[in-house]
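Reader: I work at the bench and would love a close look at how the strands and turns of this protein fit together. Please take me through the hairpins, and then through the loops that have something special about their backbone.

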Amino acid sequence: LSWVSDRKLLGGTYSAAVAVPYVLDGEISGELTAPGFAAFRKGDISGLADIFLLPFQLQWTLGSHNLNLSPGIAAPTGSYDVDKVLNVGRNYWAFDLAGSYTWLDPARGHELSVSTGLLFNGKNEDTDYHEGDEFHIDWLLGQHFSESFALGLTGYWLHQISDDTGTLPAGFDAGDLDSSGHGLGPALLWGTRIGGKGVSFIAKWLHDLDAENRAEGDLFMLSIGMKL
């Protein structure tokens with residue numbers, strides 16, 4: 001949900017937003033090994049995940065160029081159980097200092113979008129574990145064939161920039177668990193009118209090409225946008 005004001009600050013348009021994600025079908029399986037230790041676990045889950053708040057956004061537009069400053073807060077609203085192998089919630093607050101740039105050629109329909117940010121993770125009080133902070137980049141190369149249809153290639157790159165801290169079973173060191181990963185996949189935008197209102201659908205599939213000390217798999221996302 002987004003709200004765009006008429007107010008200008010530092011030459012940019014002020015807006016605010018909140019994202020309420022719902023996991024329809026999450027699954028995980030894997031094996032954890034160390035000297036004298038091995039465990040295989042799997043699980044699945046659905047439900048409301050952590051709500052993401054964007055209380056302060058600024059956007060600047062100059063011709064085909066768009067800049068956006070969008071620091072966000074991840075609230076621990078998703079369910080969490082320390083005994084489960086998979087949860088929809090982090091069980092800690094996180095702050096994402098993020099911004100994005102988009103170049104869109106209205107004549108040819110070419111689009112390049114890049115978002116980057118620093119994610120500062122809080123401490124999980126139930127496990128007494130603090131995951132390290134992360135740097136992330138998300139990008140999109142797209143082609144708009146009309147005002148209501150576009151195809152693209154999207155991807156991400158993530159790298160942990162500070163070590164985890166906390167207690168782990170014997171044979172594991174939190175300082176050795178820095179995570180990283182990258183992946184890519186297709187994206188589709190389709191717009192139509194429903195009940196006299198314009199509605200846009202954005203579908204994405206992200207496939208992990210590599211993952212270190214984090215879950216590896218596929219992520220399918222569907223977003224629906226409509227101006228109220």
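Author: Let's begin at a turn: in the hairpin of β8 and β9, 5 residues lie between the strands, and G109 takes a positive phi near 85°. Please keep in mind that this is a predicted model, where local features need pLDDT of at least 70, side-chain atom pairs count only at pLDDT 80 or more, and totals for chains, interfaces and linings use all residues. Residues are numbered from 1 along each chain as its sequence is written, and side-chain values use heavy atoms, with hydrogens and water left out.

On either side of that turn, strand β8 covers residues 94–104 and strand β9 covers residues 110–121. A strand here is a DSSP run of E with at least two residues, numbered from the N terminus, and two strands pair if DSSP finds at least two bridges between them. In β8 and β9, 11 bridges hold an antiparallel pairing. You can pick out one place in this pairing where L104 stands opposite E111 in β9. Strand β9 has another antiparallel partner, β12 (residues 134–146), and 10 bridges join the two. There, the bridge partner of L118 is F135 in β12. As background, strands of a sheet pair through backbone hydrogen bonds, either parallel or antiparallel.

Now go to the hairpin of β1 and β2, which has 2 residues between its strands. In this hairpin, L10 takes a positive phi near 55°. Strand β1 (residues 2–9) runs antiparallel to β2, with 5 bridges between them. Among the pairs, W3 has A16 in β2 as its bridge partner. Strand β2 also pairs with β5 (residues 52–62), again in the antiparallel sense, over 6 bridges. On that side, A19 stands opposite F52 in β5.

S15 is a good residue on which to centre your view of β2, since its place is within that strand, which spans residues 12–19. Is S15 buried or exposed? With 10% relative accessibility, S15 counts as buried, because buried means under 20% relative accessible area, exposed over 50%, and partly exposed in between (1.4 Å probe, protein chains only). Leaving aside residues up to four places away in sequence, S15 touches W3, V4, P55, F56 and Q57; contact means heavy atoms within 4.5 Å. W3 and V4 belong to the stretch covered by β1, while P55, F56 and Q57 fall within β5.

Next comes an open sheet of 3 strands in the order β10-β11-β14, with antiparallel pairing. Its edge strands are β10 (123–124) and β14 (165–166), each pairing on one side only. Between β11 (residues 129–130) and β14 there are 2 bridges, and the two strands run antiparallel. Here Y129 stands opposite G166 in β14.

The loop between β10 and β11 holds D128. This residue has a positive phi of about 55° although it is not a glycine. D128 counts as partly exposed, at 41% relative accessibility.

Last, look at the loop between β16 (197–212) and β17 (218–226), where N213 is found. N213 is not a glycine either, yet its phi is positive, at about 60°. Its relative accessibility is 40%, and N213 therefore counts as partly exposed.

Methods:
Helix = DSSP H or I, 4+ residues; strand = E, 2+ residues; numbered from the N terminus.
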